[in-house]
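Good morning, colleagues. Please take a moment to look at the sequence and the structure before I begin.

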Amino acid sequence: MNSDGFAKLPPMVDADPPERLGERLLRAGKLTPADLSRIAEHQRQHGVRFGDAAKALGLLDDSALDTALAEQFGYPWTPGSGPVDPLLYALRQPFGEHAEALRALRLRLHMAGVGRPDVYPAFAVLSPQDGDGRSTLAANLAVSFAELGLRTLLVDADLRRPHQHALFGAGAGDGLSSLLAGRSDSPFISPVPGFAGLAVLPSGPVPPNTTELLARPALPAFPPQAQQQFDLVTLTTPPAGPASDAFYAATAAGAALIVARRNRTALRDLQALSGTLTATGVPVLGVVFNQA
């Protein structure tokens, strides 16, 4: 841990396509040469895949097989490495309707330059009011971009009602508020266990002067510092209501994604938020309508 609060992430591990699944499991000590022979014979007799044969013979369980497959295909998340909050649908239900819609959004953002150092290496997620789903969307987008192989940092800049430490099981100790207050002698950034390339900077202790902390020069200085280690920095914010917290975060990030909830978010509030961002020189990447 260095003095500016950055924790070193383990390097991303490239997939090794030529290595077969059985060879990988043999190398890991999960199977023996005799086991591989039994599996091959079962495959010949029943015409099933390697994994199905291994499970039918009782040589592998779902957890061991999922882990081996994740390693074989270069998937950064190790299945079963820890509990997954139901709101993290990108991990919990990777083939569900919400996850597929998330991939479509990720594609559009990625094609627009999100995650590119020369275009949008950082962005903030804003919404006009509480309950629009911005914290959940920001968390799942961070997961989704990390799945692309981008080293991704999720920053909880909602210093009033933080959520990300609970979603990812990060410590509720020091965090962004500590960093902005000049307390740089503690580990702030927490790599997500079992997920190579994804880390969370929790909000830290809830301060009495949230707006004033976010207005300090330390906030706009943070994303460029983080980009020395991360390919993408995503900030989640408090609702963009009367307080100006969210706009400080968006300005520091350099771009904004707006979240609105159908049959809940007023059009005038959406227009006001978009207009304020445009007036302050923050590009709006788009508006996401939450159907739930």
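Is aspartate 158 buried or exposed? In this predicted model, aspartate 158 counts as buried, at 2% relative accessibility. The cut-off for that class is under 20% relative accessible area.

Let me turn to its partner. The side chain of aspartate 158 meets that of arginine 134 in a salt bridge, with an N to O distance of 3.9 Å. The two residues come from distant parts of the chain, 24 residues apart: arginine 134 belongs to helix α7, residues 134-147, whereas aspartate 158 sits in the loop between β2 (152-156) and α8 (164-168). Arginine 134 is likewise buried, since its relative accessible area is 2%.

A second pair offers a contrast in setting. Arginine 151 and aspartate 231 join their side chains in a salt bridge of 3.0 Å, N to O. Arginine 151 is in the loop between α7 and β2, and aspartate 231 is in the loop between α11 and β5 (232-236), so this salt bridge ties together parts that are 80 residues apart in sequence. Both partners are partly exposed: arginine 151 has a relative accessible area of 31%, and aspartate 231 has one of 23%.

Salt bridges with shared partners also build a network, which joins Asp130, Arg134, Asp158 and Arg161. The buried pair with which I began, arginine 134 and aspartate 158, therefore belongs to this network.

The third pair lies within a single helix. Glutamate 100 and arginine 103 form a salt bridge through their side chains, again with 3.0 Å from N to O. Why are these two residues about one helical turn apart? They are separated by that amount because they stand 3 residues apart in helix α6, residues 97-111. Glutamate 100 is partly exposed at 40% relative accessibility, and arginine 103 is partly exposed at 24%. Altogether, the structure holds 9 salt bridges.

I close with a helix contact. Helix α11 (residues 218-226) and helix α12 (residues 245-253) have axes that come within 8 Å and cross at roughly 35 degrees. The crossing of α11 and α12 is right-handed. On the α11 side, the contact is made by Leu219, Pro220 and Pro223; on the α12 side, by Tyr248, Ala249 and Ala252. What is the character of the residues in this contact: nonpolar, polar or charged? The contact of α11 with α12 comprises 6 nonpolar residues, with no polar and no charged ones.

Notes. Residues numbered from 1 in each chain as written. Predicted model: local features only at pLDDT ≥ 70, side-chain atom pairs only at ≥ 80, totals over all residues. Heavy atoms only, no water. Axes fitted to C-alpha atoms, helices over the stretch in contact; angles between N-to-C directions. Helix = DSSP H or I, 4+ residues; strand = E, 2+ residues; numbered from the N terminus. Left-handed = near helix turned anticlockwise from the far one by under 90°. Contact = heavy atoms within 4.5 Å. Nonpolar A, V, L, I, M, F, W, Y, C, P; charged D, E, K, R; others polar. Salt bridge = Lys/Arg side-chain N within 4 Å of Asp/Glu carboxyl O. Buried < 20%, exposed > 50% of the residue type's maximum accessible area, 1.4 Å probe, protein only.
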